[in-house]
Amino acid sequence: MGIEMRAIIKKDISGITANKRMFTALLIVPLVLMVFLPSLFILILHFAPDEMGDLEKLLDMIPHGTGGGDLNTMVIILLLDYMLPVFFLIVPVMTSSIMAASSFIGEKEKRTLETLLYSPLSLRQIFQAKVMAAFLLSMLVSLVSFVIMLLVVEIEVYITIGSLILPGIQWLFILLLVSPSITMIAITLIVRMSAKAQSVEEAQQGAVFLLLPILMLLVGQFTGVLMLNIWILFGLGLICGILAFVLLKKCMRRFQYELLLK
C-alpha cells in the first residue's frame, strides 16, 4: 500500500471522527447493542428472575455440562455466547454503513471528487482505499465494543452471581472470521452505492437490506430454531469470506469514471 492510498485512508477516517453527528452515530449503536441491552438483561435476571421462564426452551439447547446446571449461570451463558454474538454482528454493518455511505458522495458534496480523480492513483486504488478506510474503522469500533461489552458484563455478572463467566470459543470465530467477512461485504456494496447515490441518506438505505439476514438469524436464536455453534459460525464465515472476495473483485472491475461523474 502506497503513501497516496494511506493518505486517503487517513483523510476518510479523520473526516468521520471530526464530524460530531457521524461520530456520535458510530458510538450510539454499539453502546445500545453491546452495553445497554445486556445490562438490562442481567438486571432483569437479578431483580425479576421469574421473567426468565420463557427461556427454558433455549436453555435446554445449550450443550450439556455448560455452566454446572445453575439457572442464573446458564441464562448468562445463553446471553453471552448465543444472543450477544448476533447483536454484535449488527455493529460492524451499521458502523461501516455510516462511513462507507459517505465515501464518494461525501467527496461530491465537498466538491473534492475531481481533485481525488486527478491524483496519481488509479480508480481501482481509490476504490480500495475507500473500502479499506471503512473496514479499518469498522473493525476498530467492533473490537472496542467487544472489550467494553466484556468488561461491563463481567463486572455486572460478578456483582450479581459472585463469579466470572468467560466468553466461549464462539467469539473467536465471530471476531476473526464472521465479523470481518460480513463487514467487507457491507462496505463493498455500500461504497459502490455511494458512487451512484445523490446523497448520503440514499447510500445508507442499502444497509437496511444487509441487516435482514442478521435479523433473521436473531429471530432464529430467540425462537430456538437455530442456535449458533462453532460449525455454523465457521461455515457462515467461510461463505461470507468467499462472497466478500468475489464482490470486491467484481465491483473493482466494474468501477468506471462514468459511474462517479453521473
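Where does Trp171 lie? Trp171 lies in helix 8. I will come back to that residue after the overall layout. One caution before that: this is a predicted model.

So, the layout. The protein chain has twelve helices and zero strands. Read from the N terminus, the order of elements is α-α-α-α-α-α-α-α-α-α-α-α. The chain counts 262 residues, and 47% of them are buried. On contacts, take the pairs with a separation of 6 or more: 81% of these join residues 24 or more positions apart.

Back to Trp171. Is Trp171 buried or exposed? Its relative accessible area is 2%, and the cut-off for buried is under 20%, so Trp171 counts as buried. What does Trp171 contact, once neighbours within four places in sequence are left aside? The list is Met34, Leu80, Asp81, Leu84, Pro85, Phe88, Phe146 and Met149. There is also a distance to Leu233, which is 62 residues away along the chain: the two C-alpha atoms are separated by 9.4 Å.

Next, helix 7, which covers residues 123-161. I picked two residues there. Val153 lies in this helix and is buried, at 2% relative accessible area. Setting aside neighbours within four places in sequence, Val153 is in contact with Pro38, Ile42, Leu80 and Leu84. Leu80 and Leu84 also appear among the contacts of Trp171. From Val153 to Pro38 the C-alpha distance is 7.1 Å, with their positions 115 residues apart in sequence.

The other residue is Ser145, again in helix 7. Is Ser145 buried or exposed? With a relative accessibility of 8%, Ser145 counts as buried. Its contacts, without the neighbours within four places in sequence, are Pro30, Met34 and Val91. Met34 is another residue that Trp171 contacts.

Val91 comes up again with Val32. Val32 is found in helix 2. The C-alpha atoms of Val32 and Val91 are separated by 9.9 Å, and the two residues are 59 apart along the chain. Val32 has a relative accessible area of 37%, so it is classed as partly exposed.

Staying with helix 2, how does it pack with helix 1? Helix 1 takes in residues 3-18 and helix 2 residues 20-47; the angle is about 85 degrees and the axes are 5 Å apart. Angles of 65 to 115 degrees count as roughly perpendicular, so helix 1 is roughly perpendicular to helix 2. Which residues meet there? From helix 1 there are Ile16, Thr17 and Ala18, and from helix 2 there are Lys20, Met22, Phe23 and Leu26. Sorted by class, this contact has five nonpolar, one polar and one charged residues.

Now to helix 10, starting with Leu211, which is found in that helix. Leu211 has a relative accessible area of 14% and is therefore buried. Not counting residues up to four places away in sequence, Leu211 touches Ile90, Val93 and Met94. For Met94, the C-alpha separation from Leu211 is 8.4 Å, although the two are 117 residues apart along the chain.

Helix 10 also takes us to a pocket, the second largest one. Its volume is about 270 Å³. How many residues line the second largest pocket? There are 13, and those nearest its centre are Ile182, Leu210, Pro213, Ile214 and Cys240. Which helix gives the largest share of that lining? That is helix 10, with five residues. Four helices supply at least two lining residues each: helix 4 (71-100), helix 8 (170-196), helix 10 (206-223) and helix 11 (230-254). Helix 8 is also where Trp171 lies. By class, the lining has 13 nonpolar residues, no polar and no charged ones.

To recap. The chain of this predicted model has twelve helices and zero strands. Trp171, Val153, Ser145 and Leu211 are buried, at 2%, 2%, 8% and 14% respectively, whereas Val32 is partly exposed at 37%. The second largest pocket is lined by nonpolar residues, with no polar and no charged ones. That is what I have.

Terms used: Residues are numbered from 1 along each chain as its sequence is written. This is a predicted model: local features need pLDDT of at least 70, side-chain atom pairs count only at pLDDT 80 or more; totals for chains, interfaces and linings use all residues. Side-chain values use heavy atoms; hydrogens and water are left out. On a 1 Å grid over the protein atoms alone, a cavity is a set of points where a 1.4 Å probe fits but cannot get out, and a pocket is an open set with protein on both sides within 12 Å along at least five of seven lines; lining residues have an atom within 4 Å of a point. Grid points are joined across faces, edges and corners, and a volume is the space filled by probe spheres set on the points. Ala, Val, Leu, Ile, Met, Phe, Trp, Tyr, Cys and Pro count as nonpolar, Asp, Glu, Lys and Arg as charged, and the others, Gly among them, as polar. Axes are lines fitted to C-alpha atoms, for helices over the stretch in contact, and angles run from 0 to 180 degrees between N-to-C directions. Angles under 35 degrees count as roughly parallel, over 145 as roughly antiparallel, 65 to 115 as roughly perpendicular and the rest as oblique. Contact means heavy atoms within 4.5 Å. Buried means under 20% relative accessible area, exposed over 50%, partly exposed in between (1.4 Å probe, protein chains only).
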